[in-house]
Amino acid sequence: MSASRAFRRDVAAMDELFAFTSDAFGAEGIDQGLRPIVDLVLEELFTNVVKYGRKSEAAVRVELSRTPGGVEVTVIEDDAERFDPTAGPAVDTTKPLESRKPGGLGLHLIGKLVDSIEYRYVEASRQGRTTFRKSARGAGKDGE
């Protein structure tokens, strides 16, 4: 089973998004301990779609399903331009803040928090799909 819902492209829809994850976690029987990370990652991805994505009336869909020991979440953006959140420039967190180039830290962070993240774009339908997975056993790619 899985849960799915569409959200308007508006940062004000964030409360609705978090209510959806709360309901879906309960209905799907997903470990509630994963929800803060899932909500943080969804907030970053959704905000990037709203702020930097193509201006469109098309809703952003979120699909959430239980996996063995965790959760899989897909953010689907119709009427989209290609924007691969997994292909951003590397962020050097060892440099002092004043010598860093702004941007990319949020995407860098979500890559560290989840077990995996992938992006697919279909030019013909102008659809972008970002899927991430998080399990209770994994603390992220680097085992942090």
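**Entry 1: the hairpin**

I started at the hairpin of strand 2 and strand 3: two residues sit between the strands, and Gly 69 there has a positive phi near 80 degrees. This is a predicted model, so I kept its limits in mind: local features need pLDDT of at least 70, side-chain atom pairs count only at pLDDT 80 or more, and totals for chains, interfaces and linings use all residues. Numbering starts from 1 along each chain as its sequence is written, and side-chain values use heavy atoms, with hydrogens and water left out.

The two hairpin strands pair in the antiparallel sense over eight bridges. I took pairing the DSSP way (at least two bridges between two strands). Strands here are DSSP runs of E with at least two residues, helices are runs of H or I with at least four, and both are numbered from the N terminus.

**Entry 2: the whole chain**

Next I looked up the element list. I count on three helices and five strands, running β-α-α-β-β-α-β-β from the N terminus on. The chain has 144 residues, and 39% of them are buried. Buried means under 20% relative accessible area, exposed means over 50%, and partly exposed is in between (1.4 Å probe, protein chains only).

I also pulled the exposed area: about 8,100 Å², with carbon and sulfur atoms supplying 51% of it. That comes from the Shrake-Rupley method with a 1.4 Å probe. For contacts (heavy atoms within 4.5 Å), I looked at those with a separation of 6 or more: residues 24 or more positions apart account for 65% of them.

**Entry 3: the sheet**

In what order do the five strands lie in the sheet? I read 1-2-3-5-4, in an open sheet with antiparallel pairing. Strand 1 (2-7) and strand 4 (116-122) stand at the edges with a single partner strand each, so one side of each has no neighbour in the sheet. From one strand to the next, the twist averages 15 degrees.

I then walked across the pairs. Strand 1 and strand 2 run antiparallel and are joined by six bridges. Ser 4 has Glu 63 as its bridge partner in strand 2, and Glu 63 in turn has Thr 74 as its partner in strand 3. At the other edge, seven bridges join strand 4 to strand 5 (residues 127-135), again antiparallel. There, Ile 117 has Phe 132 as its bridge partner in strand 5.

Helix 1 (residues 14-28) packs on this sheet, touching strand 1, strand 2 (60-67) and strand 3 (70-77). Its direction makes about 170 degrees with that of strand 1. For the angle I used axes fitted to C-alpha atoms, for helices over the stretch in contact, on a scale from 0 to 180 degrees between N-to-C directions.

**Entry 4: the core**

Which residues have the most contacts inside the largest nonpolar core? I found Leu 42, Phe 46, Leu 64, Val 71, Val 73 and Phe 132, in a core of 27 residues. Such a core is a set of buried Ala, Val, Leu, Ile, Met, Phe, Trp, Tyr and Cys residues joined through side-chain atoms within 4.5 Å. Strand 1, helix 1, helix 2 (35-52), strand 2 and strand 3 each supply at least two of its residues. Helix 2 gives the most, with seven.

I zoomed in on Val 73. Not counting residues up to four places away in sequence, Val 73 touches Val 38, Leu 42, Val 62, Glu 63, Leu 64, Thr 130, Thr 131 and Phe 132.

**Entry 5: salt bridges**

The structure holds twelve salt bridges, each a side-chain nitrogen of Lys or Arg within 4 Å of a carboxyl oxygen of Asp or Glu. I checked Arg 5 and Glu 16, whose side chains meet at 3.5 Å, N to O. Arg 5 is in strand 1 and Glu 16 in helix 1, eleven residues apart. Arg 5 is partly exposed at 34% relative accessible area, and Glu 16 is partly exposed at 27%.

Glu 16 also forms a salt bridge with Arg 8, the closest N and O atoms being 2.6 Å apart. Arg 8 is partly exposed at 40%.

Inside the sheet, I found Glu 72 bridging to Arg 133, with the closest N and O atoms 2.8 Å apart. Glu 72 lies in strand 3 and Arg 133 in strand 5, so this pair ties together parts 61 residues apart in sequence. Both are partly exposed, Glu 72 at 23% and Arg 133 at 26%.

Last, I noted a network of salt bridges linking Arg 54, Asp 79, Glu 81 and Arg 126.
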